[in-house]
Number of protein chains: 2
Amino acid sequence: MNYQNLLSSINVTFDSLNKSEKKVAGAILDDPEAATRSSIAILAKKAGVSEPSVNRFCKRFDTAGFPDFKLKLAQCLVSGVKFVNSNVQLNDNVFKYTPKIFDNAIHDLVAIKNQIDSSIIEKVVDQLLKARRIFFFGLGTSGAVARDAENKFFRFDLPVSFHVDVLTMRMLSAAAKPGDLFFMISHTGRTKAIIDATDDARGNGAIVVGLTTPGSMLAKKSDLAIEVLVSENTEEYMAMTSRIVHLVILDVLATGFILSKGPEFLNHMEKINLSLKPTRYKQ
Amino acid sequence: MNYQNLLSSINVTFDSLNKSEKKVAGAILDDPEAATRSSIAILAKKAGVSEPSVNRFCKRFDTAGFPDFKLKLAQCLVSGVKFVNSNVQLNDNVFKYTPKIFDNAIHDLVAIKNQIDSSIIEKVVDQLLKARRIFFFGLGTSGAVARDAENKFFRFDLPVSFHVDVLTMRMLSAAAKPGDLFFMISHTGRTKAIIDATDDARGNGAIVVGLTTPGSMLAKKSDLAIEVLVSENTEEYMAMTSRIVHLVILDVLATGFILSKGPEFLNHMEKINLSLKPTRYKQ
DNA sequence: GCATATTTTGTAATAAAATTACATAAATTA
DNA sequence: TAATTTATGTAATTTTATTACAAAATATGC
């Protein structure tokens, strides 16, 4: 757990806490600064629970105990990530909206980090390792994510491409074969072209991985779905945090892929990195 | 005494401390991070003094006692402290590397949020509002960022395009005119094609904004530079956090643009969002 | 240089705080 | 509704920090 965001973590996991843990969380969120200055007895009293309940609460958040928890809480207060009232307002000036946009992204990354099902990640990495070919499909915002994914995965010594053209998507999924992996990126998970391609590709025996919102059509139709639930309020001003989270998840998958390939694979990648040298001015 | 500078306070006043206080100061300065995790007994032993000497040392630095001292020491370490254990290791399994990748992204977003110069953001927003045309240039990873930027800014009712082709870049910058805004995205800030285009575009009276690393060639040559310093250790496994930060900064710029346009501009954007409805299955 | 005051430091006792073990209560499941 | 699991509190224990006081060490004045 990242101590820079202990507060966000508490906030994010609040609903999954049990009764007395919720009381403790409430007492801390009510005035985190005061919590760092309290003894376990004082905080227990404020929360209306016993001292061991506070202690158990601390351990649940991966801290060694109450003193360690206070320390990390104090540290996360320094960085000052706000998690409430982080919505951009019409009359915000640059000093107000800038940290808010950052906070939204940070908050959602913390949330997904805590929610993500690593066993799904593991399964997807396995499929990526097995795949004969990989296609990344995405439209609109997710098109940029697909492009970024291709920019990473093409280094992996197997045929990788990304597609943002619905006609090409149709043709490729119609011609899908076992051994192909179609990686579908769609925040809504309802984009017709993506869903149609999913049906076609699976019908032809290819594996489909969906990166999408929980319970969406795409999530249901994919062989493996990586489900990402982000805050709803970021779309109005187009600071869609879902794509940020998607990119980080693709980083995770790429990392898993490289680690599975073993250390000598890093040489192969270094060769690719070195190829860029002549494109840059020396400094 | 300001607890944000507790460490430097210890450093500065070192000479005026008495013998055992010097020993304590030495033990803390030697490894401040470890000090925050020690009990008073352990630190006393390390310093070779008695426990009350440590306690007196703490009180000399205007803290309530040892626990309070540790808290404030931990807080003053936050800004500088590196994520020592957040680097992916070769033998990490999925449950280890997944949170690490997230933590790296989160850490850098928090860092940049606290460092970013909002007045530069404001100036860039002003230029975006004034621009007659906007070009986003980026190569490789930054190409995906440029594409994402275009996907946002094309909604703003002015000619916007992104380019990932160096020949097109040359032609466009050669044909640049006053009123044009060239938005250059380059993490290294040394990519030849981008630097050359920057020179050409500025020579022709266009405004150039650079999104790059501090002090880079691009930063120096741009009219306005948004400088982003991220951790160095994320490139080996290609989880480049710089692009994540770049995307969030483009979100900030887009938000600034929309807010400056006023509330009626949201209607225009809503129209664009509604246009996507027929492309999706109902759920 | 020696007696006296002052400061520094440690020992031991005390107090405070946190943690653990265990028992009871609540909630869930069959 | 009984059995099982989970959640929670009480009380004992342990750890940790602080205080009071005495002994050194150092400094000061004669």
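**Entry 1: DNA strand D**

I began with B:Lys19 and found one of its polar side-chain atoms 2.9 Å from a phosphate oxygen of DNA strand D. I call this a polar contact, meaning a pair of N or O atoms within 3.5 Å; within protein, one must be able to donate a hydrogen and the other to accept it, and residues adjacent in sequence count only if both atoms are side-chain atoms. I should say early that this is a predicted model, in which local features need pLDDT of at least 70 and side-chain atom pairs count only at pLDDT 80 or more, while totals for chains, interfaces and linings use all residues. Residues are numbered from 1 along each chain as its sequence is written, chains are lettered from A and ligands numbered from 1 in the order in which they are written, and side-chain values use heavy atoms, with hydrogens and water left out.

I then looked for further phosphate partners on DNA strand D. A:Asn18 places a polar side-chain atom 2.6 Å from a phosphate oxygen of this strand, and for A:Ser20 the distance from a side-chain N or O atom to a phosphate oxygen is 2.7 Å. I noted which elements give two or more residues to this surface: helix H2 (19–30) and helix H5 (51–60) of chain A, together with helix H5 (51–60) and helix H6 (66–78) of chain B. Helices here are DSSP runs (H or I, at least four residues), as are strands (E, at least two), numbered from the N terminus.

How many residues surround DNA strand D? I read 18, and the closest are A:Asn18, A:Ser20, B:Ile40, B:Asn55 and B:Lys59. A residue is near a strand if one of its heavy atoms lies within 4 Å of it. Of the strand D atoms within 4 Å of the protein, 75% belong to sugar or phosphate and the rest to bases.

**Entry 2: DNA strand C**

I turned to DNA strand C, which also has 18 residues around it; the closest are A:Ile40, A:Asn55, A:Lys59, B:Asn18 and B:Ser20. Sugar and phosphate make up 74% of the strand C atoms that come within 4 Å of the protein.

I checked three side chains against the phosphates of DNA strand C. A:Lys59 has a side-chain N or O atom 2.4 Å from a phosphate oxygen, B:Asn18 has a polar side-chain atom at 2.5 Å, and B:Ser20 has one at 2.6 Å. The elements giving two or more residues to this surface are H5 and helix H6 (66–79) of chain A, with helix H2 (19–30) and H5 of chain B.

I sorted the residues of this surface into 6 nonpolar, 7 polar and 5 charged. For this count, Ala, Val, Leu, Ile, Met, Phe, Trp, Tyr, Cys and Pro are nonpolar, Asp, Glu, Lys and Arg are charged, and the others, Gly among them, are polar.

**Entry 3: chain A and its helix H13**

I counted 14 helices and 5 strands in chain A. Its C-alpha atoms fill a box of roughly 65 × 50 × 45 Å along the principal axes. Of the 283 residues in chain A, 57% are buried. Buried means under 20% relative accessible area, exposed over 50%, and partly exposed in between (1.4 Å probe, protein chains only).

Is helix H13 of chain A mostly covered or uncovered? I found it mostly covered, with 19 of its 21 residues buried. The helix runs over residues 241–261 and reaches 31 Å from its first C-alpha to its last, close to the 30 Å expected at 1.5 Å a residue. That expected span is 1.5 Å times one less than the number of residues. A:Gly262 follows, with a positive phi near 90 degrees.

**Entry 4: cores**

The largest nonpolar core has 100 residues, of which A:Phe183, A:Ile249, A:Leu253, B:Phe183 and B:Leu253 touch the most other members. Such a core is a set of buried Ala, Val, Leu, Ile, Met, Phe, Trp, Tyr and Cys residues joined through side-chain atoms within 4.5 Å. A second, separate core of 22 residues includes B:Phe61 and B:Cys76.

**Entry 5: two residues in chain B**

I found B:Leu6 in helix H1 (residues 6–13) of chain B. B:Leu6 counts as buried because its relative accessible area is 2%. Beyond its neighbours within four places in sequence, B:Leu6 is in contact (heavy atoms within 4.5 Å) with residues including B:Phe61, B:Phe69 and B:Cys76.

I ended on B:Asp68 in helix H6 of chain B. A polar atom of its side chain lies 2.8 Å from the backbone nitrogen of B:Ala64.
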